[in-house]
Amino acid sequence: MSNRKTIICIGDGMADLPIDELDGRTPLQAAQTPRLDEWVRGGMSGLVRTVPDGQYPGSDVANMGILGYDPRIFHTGRAPIEAAAMDIETPAGRIAFRCNLVSVKNDRMHDFTSGHISTDDAGEVLRELSEAFRDRGIDFHTGVSYRHIALMSDDLLEAECTPPHDIPGKEIDPFLPQGEGSVLLRELMAESRDILARSDINRRRRADGNTPVTMMWLWGQGRTPELEPFRNRNGIGGGIVTAVDIIRGIGKLAGLETPVVPGATGFIDTDYEAKMSAALDILERDDFVYIHIEAPDEAGHMGDVNLKIRAIEDFDLKIVGPVLDYARGNPNSRVLVLPDHPTPCAVRTHTADRVPCAVFGEGILPDESTAYDEESARRGSLRFDAPWDLLDFLLNH
Ligand SMILES: [Zn+2]
């Protein structure tokens with residue numbers, strides 16, 4: 001007998017809070033989502049806590065948990081996951097840091113993206129830094145735009161570093177690295193300001209009306225997590241379809257395939273059909289696929305309620321619909337839908353609140369719930385205090 005086919009659909013950051021301009025409804029309640037509602041009516045729904053107490057509700061933490069890996073054990077930082085996505089090997093004694101190229105003005109975090117610097121310009125800046133910091137124990141790896149990786153000594157593991165996107169417009173001084181190892185990190189970050197102040201690249205960027213890069217900002221460090229391959233752990237393997245590096249990195253660390261889908265942008269303009277066909281392609285060969293859609297989260301970060309509703313309606317039409325069709329056409333299958341965490345438009349960042357989940361397919365008997373949203377989920381039959389309990393239910397119930 002062949003294995004059951006299993007699909008998990010993540011609408012990143014879909015869950016929200018009641019919003020006044022929607023007459024107290026959430027975007028999930030206000031959006032037209034007939035396919036999600038149908039999924040709920042034919043299946044079981046409820047609430048799941050995706051972020052363990054005391055953990056930062058990052059997409060890395062939440063998605064790791066949904067895939068069954070306890071972030072309290074396996075998550076040591078965001079950078080090593082991104083390094084994995086970039087196929088960067090981290091030798092023993094070294095750890096990965098995120099190295100942002102940021103723009104600081106009047107000692108404040110003016111722009112943590114340096115005007116979404118081009119990867120070409122960023123590469124030149126990193127070459128300059130790499131030259132100036134020769135013999136200082138840093139290996140720079142160029143990523144995309146303002147997001148890069150620096151491999152450094154594992155003596156720096158315990159330093160407390162702040163993500164630059166958490167301090168827009170704020171004075172940087174209180175947010176520079178603290179604790180063990182922070183002296184060296186502060187020194188290097190300060191020196192980067194002197195180096196970049198003299199840089200020809202910045203002269204050119206200013207002349208072209210672009211935001212200059214004035215500093216490298218180190219954060220998110222950690223050791224590479226050693227995840228037991230998903231297939232060994234769960235008896236089924238497959239892949240992750242996502243536009244987002246950090247989710248792809250978790251997939252690589254878990255031994256899942258992580259196809260790069262042309263046209264997948266991580267935003268509202270993403271090629272949903274291409275992502276869906278990449279997912280179905282994986283199911284032709286294997287038994288498990290994890291489809292991650294980033295757009296609702298981006299809309300939440302922008303605080304744009306209408307854009308979020310549109311992102312949810314697109315997710316319903318272009319992902320949930322085809323997945324539901326697949327589940328109906330393949331009785332030996334089971335599917336799960338949920339956000340990884342809420343990204344409420346009012347707070348414009350992630351929260352750790354419980355999120356609605358819904359399971360449909362083989363052996364799942366419908367409960368009383370009739371709609372997919374935060375409020376209806378409270379009345380559903382499922383309750384999970386940890387995301388790996390939900391995965392266990394999905395695979396083994
Ligand atoms: Zn997320």
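A nonpolar core is a set of buried Ala, Val, Leu, Ile, Met, Phe, Trp, Tyr and Cys residues joined through side-chain atoms within 4.5 Å. In this predicted model, the largest such core has 81 residues, and those with the most contacts inside it are Trp39 and Leu338. The points below take up the cores, the zinc site, a buried lysine and two loop residues with positive phi.

**Nonpolar cores**

- Helix H13, which spans residues 305-329, gives the most to the largest core, contributing 12 residues.
- Once its neighbours within four places in sequence are left aside, Trp39 is in contact with Cys9, with Val320, Val323 and Leu324, with Val335, Leu336 and Val337, and with Ala358, Val359 and Phe360.
- A second core, separate from the largest one, has 36 residues, among them Val125, Ala150, Ile195 and Leu196.

**Zinc site**

- The zinc ion has as its protein donors Asp12, listed twice through OD, together with Ser59 through OG, Asp340 through OD and His341 through NE2, and these donors lie 1.9 to 2.5 Å from the ion.
- Along the chain, the donors of the zinc ion follow the spacing D-x46-S-x280-D-H.
- Asp340 has a relative accessible area of 0% and is therefore buried, and His341, also with a relative accessible area of 0%, is buried as well.

**A buried lysine without a salt bridge**

- Lys275 is found in helix H11, which covers residues 272-285.
- Although Lys275 is buried, it has no salt bridge, and the nearest side chain of opposite charge, that of Glu294, is 8.0 Å away; a salt bridge would require a side-chain nitrogen of Lys or Arg within 4 Å of a carboxyl oxygen of Asp or Glu.
- A polar atom of the Lys275 side chain does, however, lie 2.7 Å from the backbone oxygen of His292.
- Leaving aside neighbours within four places in sequence, the residues in contact with Lys275 are Val241, Thr242, Ala243, Val261, Ala264, Thr270, His292 and Ile293.

**Positive phi in loop residues**

- Asn106, a residue other than glycine, has a positive phi near 50°, and its place is in the loop between strand E3 (94-105) and strand E4 (108-111).
- With a relative accessible area of 68%, Asn106 is exposed.
- Asp135 is likewise not a glycine, yet its phi is positive at about 70°; this residue is found in the loop between helix H6 (119-132) and strand E5 (139-144).
- The relative accessible area of Asp135 is 76%, so Asp135 is exposed.

Technical notes. Residues numbered from 1 in each chain as written. Predicted model: local features only at pLDDT ≥ 70, side-chain atom pairs only at ≥ 80, totals over all residues. Heavy atoms only, no water. Buried < 20%, exposed > 50% of the residue type's maximum accessible area, 1.4 Å probe, protein only. Helix = DSSP H or I, 4+ residues; strand = E, 2+ residues; numbered from the N terminus. Contact = heavy atoms within 4.5 Å. Donors = N, O, S within 2.8 Å, 3.2 Å for Na, K, Ca; no water. Lys, Arg positive; Asp, Glu negative; His and termini not counted. Polar contact = N/O pair within 3.5 Å; in protein donor to acceptor, adjacent residues only side chain to side chain.
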